[in-house]
Amino acid sequence: MTEVEVYLNEDKEHRFTEQEDVHRKFALWYRTTREGREAAEEAFHISNAPDELLSERERDIKLRWKGRSLSVGDAVLIRPKSYGTYMDKSYLCCSNGWKELKIATL
């Protein structure tokens with residue numbers, strides 16, 4: 001299983017921009033079978049889609065969501081568990097998809 005953490009951009013001067021080094025606030029943690037950008041896209045879908053388009057599992061995750069929906073400038077940390085070790089990747093939500101970030105920028 002892959003662990004997903006969502007961080008919302010809380011920087012008042014750079015909110016909803018693709019600025020990498022900004023203050024972000026933790027919003028959600030959950031597990032999924034998806035990895036990489038596909039897991040990031042799932043987080044975006046869960047936070048933005050109307051409930052009638054979500055599965056029961058996705059609706060349960062959305063109920064635990066803290067804050068606004070995921071949008072440009074927010075970040076998703078993906079932790080795929082593989083043989084007992086973690087190979088973390090983080091992605092910045094951009095206007096045209098996802099950009100891989102350095103972990104330190106979260």
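## Close-up views of a predicted model

The sulfur of cysteine 93 lies 6.8 Å from the closest cysteine sulfur, in cysteine 94, and that is too far for a bond. Everything shown in these legends comes from a predicted model, so please read each distance as a computed value.

**View 1. Two cysteines without a bond between them.** A disulfide is a covalent bond between the sulfur atoms of two cysteines. How many disulfides does the structure hold? The structure holds zero. Cysteine 94 is in no disulfide, and its nearest cysteine sulfur, that of cysteine 93, is 6.8 Å away. A disulfide would need the two sulfur atoms within 2.5 Å, so cysteine 93 and cysteine 94 do not make one. Are these cysteines buried or exposed? Cysteine 93 counts as buried, at 5% relative accessibility. Cysteine 94 counts as buried too, at 9% relative accessibility.

**View 2. An aromatic pair between two strands.** A pair of aromatic rings is described by the distance of the centres and the angle of the planes. The structure has one aromatic pair. In this pair, tyrosine 7 and phenylalanine 26 meet edge-to-face, with 5.7 Å from centre to centre and 70 degrees between the planes. Tyrosine 7 belongs to strand β1 (residues 2-9) and phenylalanine 26 to strand β2 (residues 24-32), so the pair links distant parts of the chain, 19 residues apart. How accessible are the two partners? Tyrosine 7 is buried, with 16% relative accessibility, whereas phenylalanine 26 is partly exposed, with 35%.

**View 3. Glutamine 19 in a loop.** Look for glutamine 19 in the loop between β1 and β2. Glutamine 19 has a relative accessible area of 36%, which means that this residue is partly exposed. Which residues does glutamine 19 contact, leaving aside its neighbours within four places in sequence? They are His14, Arg24 and Leu92. You can also find asparagine 9, which is ten residues from glutamine 19 in sequence and 9.4 Å from glutamine 19 in space, C-alpha to C-alpha.

**View 4. Arginine 24, a buried charge.** Arginine 24 sits in strand β2. This arginine is buried, yet it has no salt bridge. The nearest side chain of opposite charge is that of aspartate 74, 5.7 Å away. A salt bridge would need the nitrogen and oxygen atoms within 4 Å, so aspartate 74 does not form one with arginine 24. What does the side chain of arginine 24 reach? It reaches the backbone oxygen of glycine 73, at 3.0 Å.

**View 5. Aspartate 74 and its salt bridge with arginine 68.** Here aspartate 74 appears again, this time with a partner. Arginine 68 and aspartate 74 form a salt bridge, with their closest N and O atoms 2.8 Å apart. Aspartate 74 is buried, at 0% relative accessibility, while arginine 68 is partly exposed, with a relative accessible area of 25%. Elsewhere, salt bridges that share partners join Arg34, Glu38, Glu42 and Arg57 into one network.

**View 6. Salt bridges between distant parts of the chain.** How many salt bridges does a search of the whole structure find? The search finds eleven. One of them joins arginine 31 and glutamate 3, whose closest N and O atoms are 3.9 Å apart. This pair links distant parts of the chain, with arginine 31 in strand β2, glutamate 3 in strand β1 and their positions 28 residues apart. Arginine 31 is partly exposed, at 44% relative accessible area, whereas glutamate 3 is buried, at 13%. In another salt bridge, glutamate 20 meets lysine 99, at 2.3 Å from N to O. Glutamate 20 lies in the loop between β1 and β2, and lysine 99 lies in strand β6 (residues 97-101), 79 residues apart. Glutamate 20 is partly exposed, at 25% relative accessibility, and lysine 99 is partly exposed as well, at 37%.

**View 7. Alanine 40 and what it touches.** Our last stop is alanine 40, in helix α1 (residues 36-48). With a relative accessible area of 0%, alanine 40 is buried. Which residues does alanine 40 touch, not counting residues up to four places away in sequence? Val76, Ile78, Tyr91 and Trp98 are the answer. Alanine 75 is 35 residues from alanine 40 in sequence and 8.5 Å from alanine 40 in space, C-alpha to C-alpha.

Conventions. Residues numbered from 1 in each chain as written. Predicted model: local features only at pLDDT ≥ 70, side-chain atom pairs only at ≥ 80, totals over all residues. Heavy atoms only, no water. Phe/Tyr/Trp six-rings, centres within 6.5 Å; stacked < 30°, edge-to-face > 60°. Helix = DSSP H or I, 4+ residues; strand = E, 2+ residues; numbered from the N terminus. Buried < 20%, exposed > 50% of the residue type's maximum accessible area, 1.4 Å probe, protein only. Contact = heavy atoms within 4.5 Å. Lys, Arg positive; Asp, Glu negative; His and termini not counted. Polar contact = N/O pair within 3.5 Å; in protein donor to acceptor, adjacent residues only side chain to side chain.
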